[in-house]
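Here is a short report on a two-chain model. Look at the sequence and the structure, then read on.

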Amino acid sequence: MTSAVTCEGLWKTYQRHRPVGVKTLLLGTSPPADTRFAREWALAEVGFQVPHGRSFGVIGANGSGKTTLLSILLGTVQGDRGRVGLNGNVASLLELGAGFHGDLSGSENVFLYGSILGMRLAAIRQRFEQIAEFSELEGAIEQPLRTYSAGMVARLGFSIIIQSGADILLIDEVLAVGDARFQAKCHGALREFRARGGTLLIVSHNMKEVTEVCDEGICLDLGRVVDAGPMAGVAARYQERMAVAEPARGASRAGR
Amino acid sequence: MTEARAERAPGAERSLPQLAELLYLLVRKELKVRYKNRFLGYVWALANPFAFAFVYWIAFKFIMRLEIENYSLFLITGMFPWVWMSVGVTGATRSFIINASLIRKVNLPRAILPLGNVAQEMVHFGFALPVIVAFLWFAGEIRPEPSWLWQIPALIALQVAFVYPLALAFALANAYVRDIEYLVGIGFSLMFFATPMVYPITLVPEAYRPWFELNPLHALMQSWRSVFLHGTMEPGHLAFTAVFALLTGIIAWLLYRRLAPRIGELV
């Protein structure tokens with residue numbers, strides 16, 4: 001049986017190159033490379049597999065490469081070496097509602113965001129009631145999005161994603177939105193999603209949450225997998241390490 | 001399984017109807033956000049080209065007394081396709097930067113963003129068409145020709161094929177070299193006067209005229225004028241425009257293949 005998500009020997013380095021100006025092009029001079037945050041690898045030899053219907057956690061300190069890993073899986077950033085494979089429709093929660101527009105109403109945003117995620121209009125129409133109901137926005141769904149609170153925006157975004165028909169969800173640190181009751185509702189929806197055979201890949205700093213939601217996971221440090229296995233153990237060992245980690249090491253990280 | 005460094009841009013697996021719907025929603029979003037469904041919004045879309053045409057009419061016809069027949073018709077018939085092209089391409093050049101969150105957070109086919117700008121300006125042009133036709137009728141006594149029913153859609157298709165590769169190429173280049181967006185703006189200002197837009201090509205000294213004829217923008221604009229003013233299409237200009245569109249299309253596609261995968265890190 002093939003896995004839902006496969007990642008083998010993945011390497012990634014962010015080049016020092018920045019968007020350049022015409023002056024640089026014409027004169028051929030570039031400012032000296034900023035080496036303060038230079039680090040050879042953003043990801044080094046990262047590999048793991050997630051079977052269908054499982055939930056996988058990725059933890060690690062800031063700048064350890066978690067978001068880079070999700071971006072490469074999603075395809076918005078390219079790796080340098082290695083293989084990634086995703087078996088199914090992917091939707092990302094790298095950012096809830098990337099593509100939402102404040103001047104459009106909630107329901108118009110449902111259509112726009114749904115389409116951005118790859119849904120057909122007919123499917124959005126068909127599931128609109130469920131999306132609206134899950135979001136608990138009620139009458140506010142016809143109001144412009146800019147009048148929403150952050151929690152309302154997040155609720156709408158999550159409601160669309162969960163109805164998007166994706167088989168694989170990549171989630172980056174976005175479950176910590178909404179009040180406790182709505183969070184519980186999200187977790188319930190994610191459980192249902194997995195029961196239907198959906199696969200989750202979650203990046204989080206909330207150890208309690210990943211331990212609860214994820215079966216297995218990895219811990220990244222400076223782009224390398226330093227720990228892997230059942231999530232509870234990985235999270236516990238990570239917390240131990242963080243408790244004794246010397247703060248000076250933070251200076252050698254490249255944030256992205 | 002795909003190589004992590006695949007020669008494929010994000011969102012490549014989406015089907016055509018899916019992309020068409022997405023394009024429709026993106027364009028509708030822009031129009032809605034800009035005009036908020038007000039009727040006046042429709043008027044604003046027309047105001048800019050008309051204001052330009054009016055200023056040039058005052059300057060060249062009224063003040064400098066240029067002897068050109070039907071000068072106002074000449075200006076109007078070129079101005080609207082020009083504004084479609086220049087506003088569309090200038091907007092598209094910034095499209096990757098403006099939509100950075102989409103580029104970085106969603107596996108969207110990136111080429112659709114500059115296409116959105118081109119399509120949006122095409123809609124504006126469509127809004128303007130009835131006004132152009134009315135203007136031709138009342139100011140120039142040019143009655144709408146039945147042949148316009150196929151000539152105008154054909155030219156619209158040709159113009160999309162002409163403009164989109166430019167829009168895509170500049171958008172890609174701008175992700176790498178941020179100054180491109182300013183250069184594109186300046187470039188269109190210069191090209192507006194280098195192309196016979198406010199003067200007919202017959203006023204250009206004969207020795208230089210072949211150089212002006214080499215300008216593909218001139219061939220495109222002249223195609224619009226001959227349809228609107230005479231109801232005819234000149235095969236030479238059409239062929240020149242089509243060949244140029246094909247060549248830039250190939251270049252833009254190669255650039256897209258090569259540059260698009262990286263822009264997730266650049267915007």
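## Helices, contacts and turns

The buried residues of α4(A) pack against two helices of chain A, α3 and α5 (150-162). The model is a predicted one. Start with α4(A) and work outwards.

**Helix α4 of chain A**

Which residues of α4(A) are buried? They are Ile124(A), Arg127(A), Ile131(A), Phe134(A) and Ser135(A). Arg127(A) is also the site of a bend in α4(A), of about 55 degrees. Just past the helix comes Glu136(A), with a positive phi of about 60 degrees.

**Its partner, α3 of chain A**

Helix α3 of chain A spans residues 106-116, and helix α4 of chain A spans residues 121-135. Their axes come within 10 Å and cross at roughly 125 degrees. That angle makes α3(A) oblique to α4(A), because it falls in none of the ranges for roughly parallel, roughly antiparallel or roughly perpendicular. The crossing of the two helices is right-handed.

Which residues meet there? From α3(A) come Val110(A), Phe111(A), Gly114(A) and Ser115(A). From α4(A) come Leu121(A), Ile124(A), Phe128(A) and Ile131(A). By class, the residues of this contact are six nonpolar, two polar and no charged. Ile124(A) and Ile131(A) appear in this contact, and both are among the buried residues of α4(A).

Why is α3(A) described as largely enclosed by the rest of the structure? The reason is that 10 of its 11 residues are buried. Among them are Gly106(A), Glu108(A), Asn109(A) and Tyr113(A). Val110(A), Phe111(A), Gly114(A) and Ser115(A), which meet α4(A), are also on the buried list.

The buried residues of α3(A) have partners in both chains. In chain A they pack against α4 and α5. In chain B they pack against α1 and α5. After α3(A) comes Gly118(A), and its phi is positive, near 105 degrees.

**Chain A as a whole**

Now step back from the two helices. Chain A has eight helices and nine strands. Of its 256 residues, 44% count as buried. Take the contacts in chain A with a separation of 6 or more: 76% of them join residues 24 or more positions apart.

**Where the chains touch**

How many residues of each chain are in contact with the other? The numbers are 32 in chain B and 38 in chain A. On the side of chain B that touches chain A, the elements giving two or more residues are β1 (2-3), α1 (16-35), α5 (100-105) and α7 (148-176). The largest share comes from α1(B), with seven residues. By class, this side of chain B holds 15 nonpolar, five polar and 12 charged residues. Recall that α1 and α5 of chain B also pack against the buried residues of α3(A).

**A helix pair in chain B**

Chain B has its own helix pair to look at. Helix α3 of chain B covers residues 71-93, and helix α6 of chain B covers residues 112-140. Their axes lie 9 Å apart, at an angle of about 170 degrees. Angles over 145 degrees count as roughly antiparallel, so α3(B) is roughly antiparallel to α6(B). The residues of this contact are 16 nonpolar, seven polar and one charged.

**Positive phi and burial**

Some residues have a positive phi. Four of them are set out here.

| Residue | Phi |
|---|---|
| Glu136(A) | about 60 degrees |
| Gly118(A) | near 105 degrees |
| Leu222(A) | near 50 degrees |
| Glu141(B) | near 55 degrees |

Leu222(A) is in the loop between β8 (216-221) and β9 (224-230) of chain A. Is Leu222(A) buried or exposed? It counts as buried, because it has 20 C-beta neighbours inside 10 Å.

Glu141(B) sits in the loop between α6 and α7 of chain B. Glu141(B) is exposed, because 9 other C-beta atoms lie within 10 Å.

Leu183(B) falls between those two classes. It belongs to helix α8 (residues 180-194) of chain B. With 15 C-beta neighbours inside 10 Å, Leu183(B) counts as partly exposed. How far is its C-alpha atom from that of Gly236(B)? The separation is 30 Å, for two residues 53 apart along the chain.

Methods
Residues are numbered from 1 along each chain as its sequence is written. Chains are lettered from A and ligands numbered from 1 in the order in which they are written. This is a predicted model: local features need pLDDT of at least 70, side-chain atom pairs count only at pLDDT 80 or more; totals for chains, interfaces and linings use all residues. Axes are lines fitted to C-alpha atoms, for helices over the stretch in contact, and angles run from 0 to 180 degrees between N-to-C directions. Helices (H or I, at least four residues) and strands (E, at least two) are DSSP runs, numbered from the N terminus. Angles under 35 degrees count as roughly parallel, over 145 as roughly antiparallel, 65 to 115 as roughly perpendicular and the rest as oblique. Ala, Val, Leu, Ile, Met, Phe, Trp, Tyr, Cys and Pro count as nonpolar, Asp, Glu, Lys and Arg as charged, and the others, Gly among them, as polar. Two residues are in contact if their C-beta atoms, placed from the backbone, lie within 7 Å. A crossing is left-handed if the near helix is turned anticlockwise from the far one by less than a right angle, and right-handed if clockwise. The bend at a residue is the angle between axes fitted to the seven residues ending there and the seven starting there. A residue is buried if 20 or more other C-beta atoms lie within 10 Å of its own, exposed if 12 or fewer, and partly exposed in between; C-beta atoms are placed from the backbone.
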